[in-house]
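Subject: Handing over a structure

Hi there,

Here is the structure I promised to pass on to you. Have a look at it first, and then read on for what turned up in it.

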Amino acid sequence: MWAITTVSPWLRYYPCSGRTLFVEGGIGPSEYRLLKGLHEGLLFENADTTYASGWGLGSTLAAGWDIPIGHGDFALTPRVAYGYGTPRTLHSPRGATVARGWTQNVVSIGVEFVINPLDSN
């Protein structure tokens with residue numbers, strides 16, 4: 001298994017006047033891990049075994065559509081995102097170099113439930 005964690009500020013832009021279609025992006029530190037037995041918690045995740053890991057810079061570009069529900073206080077938001085990370089060098093838990101020039105690419109598709117979207121006022 002593998003796990004990617006990126007922490008970054010986001011900028012969401014609504015190019016149309018109806019404020020439904022949006023594009024967004026962010027950039028920040030990224031961690032990549034090759035592991036066994038991922039256990040997700042409320043704020044953190046841990047693994048039974050981590051074979052290799054590395055830190056670098058990560059970025060994400062996404063696009064989506066806010067679909068208002070009811071009187072506009074809620075929305076369903078389908079979203080497609082592309083994430084790119086550059087840890088470059090992966091190390092074993094004991095510090096030995098496992099891989100050099102490493103990058104990761106991830107495409108994710110999801111639906112979010114949004115409370116009080118921007119276009120509700």
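Let me start with Trp55, which counts as exposed because its relative accessibility is 59%, above the 50% cut-off for that class. Please keep in mind that this is a predicted model. Trp55 sits in strand β4. Along the chain, 30 residues separate Trp55 from Gly85, while their C-alpha atoms are 8.9 Å apart in space.

Is Gly85 buried or exposed? Gly85 counts as buried, at 1% relative accessibility, and its place is in strand β6. Gly85 also has a partner in space: its C-alpha atom lies 4.1 Å from that of Gly58, with the two positions 27 residues apart in sequence.

Strand β4 also holds Asp48, which is exposed with a relative accessibility of 54%. From Asp48 to Arg88 the C-alpha distance is 24 Å, and the two are 40 residues apart along the chain.

**The pocket**

The largest pocket encloses about 320 Å³ of space. Its lining consists of 18 residues, and Ile4, Thr6, Thr60, Gly83 and Val106 are the closest to the centre. Which strands supply at least two residues each to this lining? They are β1 (2–6), β4 (45–65), β6 (74–91) and β7 (97–115). The biggest share comes from β6, which gives six residues. By type, the lining has ten polar residues, seven nonpolar ones and one that is charged.

**The nonpolar patch**

On the surface there is a nonpolar patch of about 780 Å². Its members are Trp65, Ile67, Ile69, Phe74, Leu76, Val111, Phe113 and Ile115. At least two residues each come from β5 (67–69), β6 and β7, and β7 gives the most, with three. One member to look at is Ile69, in strand β5. Ile69 is partly exposed, since its relative accessible area is 35%, which falls between the 20% and 50% cut-offs.

**The salt bridges**

Side chains of opposite charge can pair when their charged atoms come close. How many salt bridges does the structure hold? There are five, and I would like to walk you through three of them, taken in turn.

Arg12 and Glu24 meet through their side chains, with 2.9 Å from N to O. Arg12 belongs to strand β2 (residues 10–13) and Glu24 to strand β3 (residues 21–40), so this pair ties together parts that are twelve residues apart in sequence. Glu24 is buried, with a relative accessible area of 9%, whereas Arg12 is partly exposed at 31% relative accessibility.

Arg12 also forms a salt bridge with Glu112, where the closest N and O atoms are 3.9 Å apart. This pair links distant parts of the chain, 100 residues apart, with Glu112 in strand β7 and Arg12 in strand β2. Glu112 is partly exposed, at 30% relative accessibility.

Glu112 has a salt bridge with Arg79 as well, at 3.7 Å from N to O. Because Glu112 lies in strand β7 and Arg79 in strand β6, the pair ties together parts that are 33 residues apart in sequence. Arg79 is buried, with a relative accessible area of 16%. Through shared partners, these salt bridges join Arg12, Glu24, Arg79 and Glu112 into one network.

Enjoy exploring it, and do write back with any questions.

Best wishes

Note on methods. Residues are numbered from 1 along each chain as its sequence is written. This is a predicted model: local features need pLDDT of at least 70, side-chain atom pairs count only at pLDDT 80 or more; totals for chains, interfaces and linings use all residues. Side-chain values use heavy atoms; hydrogens and water are left out. On a 1 Å grid over the protein atoms alone, a cavity is a set of points where a 1.4 Å probe fits but cannot get out, and a pocket is an open set with protein on both sides within 12 Å along at least five of seven lines; lining residues have an atom within 4 Å of a point. Grid points are joined across faces, edges and corners, and a volume is the space filled by probe spheres set on the points. Helices (H or I, at least four residues) and strands (E, at least two) are DSSP runs, numbered from the N terminus. Ala, Val, Leu, Ile, Met, Phe, Trp, Tyr, Cys and Pro count as nonpolar, Asp, Glu, Lys and Arg as charged, and the others, Gly among them, as polar. Patches are made of residues with over 30% relative accessible area and no salt bridge: like charges are joined within 9 Å, nonpolar side chains (Val, Leu, Ile, Met, Phe, Trp, Tyr) within 5 Å. Accessible areas come from the Shrake-Rupley method with a 1.4 Å probe; for residues, only the protein chains shown count as cover. A salt bridge is a side-chain nitrogen of Lys or Arg within 4 Å of a carboxyl oxygen of Asp or Glu. Buried means under 20% relative accessible area, exposed over 50%, partly exposed in between (1.4 Å probe, protein chains only).
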